[in-house]
Amino acid sequence: IYRPIKFYSSDDWGSGVAVFNGHDSLDYCFHVNEHDYLMFEDLSFKDFANPACGYPSSLRGAIFDYSNSSPEVGIIINNCTFDNVFNATHFKGGLDYGYIGNCTMTNYKWTGACSGNYTIVENCTMENGGRGIFSPGNYSITRFNKMRFIDVASEDMCGNHANAIMVTSGQEYGWIYSNLFECCTQGVYLTYTYSGNINGENNWVIHSNVFIGWHGLGPDKHPYGRNGSGANGVAVFRGDNNKIYNNTFLGIEGAIGWINCIEIRNYDGDYAINNEIKDNLFYLEAGNAGAISIGEDSEDSSTAICENNYYYIPNNNDPFRYQGIAKTYPEWQALGYDGSGSPSLTQDLDLVDVIGSSSEELDLSLQNTSICRDAGSTNLIPIIRDINGILRPQGMNIDVGAYEYNVGDSTIIIMPPLISNSKSISTLPNLICLLEATKK
């Protein structure tokens, strides 16, 4: 049984938070090279973004390791804040059997949370960054996070990928659910290659997330598609058997929104095979909104199973793409996709409130008149709770999209962080033992 070394504040620090300030002259605070089982709790990091450092020093950060190619193990980062740093956390080899939760990362250039195998990242808020969560690994869980304006393209980092979640190649069997993606250059990116690994990402489950795509919100925000980014809600390049279920995609305000809500394609002749796209809700008022794209061109034989998705796309007659060619809804169905689902692209799906300039002003849950109620498939893996923790199903079947219609006050709503915002080590009961037992 391992006990972690602890770095955390005490009540003597006033508000209970110890502050580390780099005064823009330092580029990192903790370098955790080959130091496993560390705990960072109730700490604040600010101004670790020395502009003179540049690349590759920008791979450093408040808590980082860039010299050890093996993963760090058992590091816990709980209830910490990071502002104006190159990275909030970055580990060259990833973070295995770790936990990052209840943290806030703002105004950073590169990575908010660095994940890995058997690692949980949950209940974090990331805003104004280069990318949100980097490299969730095998059997990892990424849930209950809010990622907004993950669209900072860093010149220091060769243009940056600007993904809210980037799953690197060769990772399998992870879960990404109940997250909010708002105004991100790209949402979930299952990348084609990384560090020489050309294997795809297989058997991921991406469910009950909300993707909100705006077109240029505010003077410092820019349209999607810049710097070579694919500008997709979910992008799968060369991955197989991934399941994209019960997500809600919103694309309004201006001409673009999401370029593609979901894109499935090959890379370098290696096709993406048997990916499933089911029970998703698409509410896309943008003029050239793209729903689903399968195959980059006529040589791309990537395949997907698309069934029972519901669409409201009133301003674009051909929002689908197959092998690079735009398709109308009847043409899409003629290819064997969405034989069940929306009766048309123009029937309103009756969401509660789609008018607003931020996620706080929207309510994307279903009205009682929505055709998405009880319209979900019955043969999906158990999706037992929606994005708010409401138990599914509330009716005969689960509802389409990320929200389950709540039929009464008797429903128990649970959206827990794994641990609470407390400085006590007791908030992490047996977590290290659990991680070690899982590892063994």
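**Exercise 1.** Work out whether Asn79 is buried, partly exposed or exposed in this predicted model.

*Solution.* Start with the number: Asn79 has a relative accessible area of 23%. Next, bring in the cut-offs: buried means under 20%, exposed means over 50%, and partly exposed is in between. So Asn79 counts as partly exposed. Now find its place on the chain: Asn79 sits in the loop between strand 8 (76-78) and strand 9 (81-85). Finally, check who is across from it in space: Cys103 is 24 residues away in sequence, yet the C-alpha atoms of Asn79 and Cys103 are 4.8 Å apart.

**Exercise 2.** Find which strands stand at the edges of the open sheet with the order 3-6-10.

*Solution.* First, read the order: three strands make up this open sheet, and their pairing is parallel. Then look at the ends: strand 3 (30-31) and strand 10 (89-91) each have a single partner strand, so one side of each has no neighbour in the sheet. Last, zoom in on one pairing: strand 6 (residues 63-65) and strand 10 are joined by three bridges. There, Phe64 has His90 as its bridge partner.

**Exercise 3.** Work out how strand 23 (residues 186-190) is placed, enclosed or not, and name a strand that pairs with it.

*Solution.* Begin with burial: five of its five residues are buried, so strand 23 is largely enclosed by the rest of the structure. Now take the partners in turn. Strand 20 (residues 163-167) pairs with strand 23 in the parallel sense over four bridges, and Ile165 stands opposite Val188. Strand 26 (residues 232-237) also pairs with strand 23 in the parallel sense, over three bridges. In that pairing, Leu190 has Val236 as its bridge partner.

How values were computed:
Residues are numbered from 1 along each chain as its sequence is written. This is a predicted model: local features need pLDDT of at least 70, side-chain atom pairs count only at pLDDT 80 or more; totals for chains, interfaces and linings use all residues. Side-chain values use heavy atoms; hydrogens and water are left out. Two strands pair if DSSP finds at least two bridges between them. Helices (H or I, at least four residues) and strands (E, at least two) are DSSP runs, numbered from the N terminus. Buried means under 20% relative accessible area, exposed over 50%, partly exposed in between (1.4 Å probe, protein chains only).
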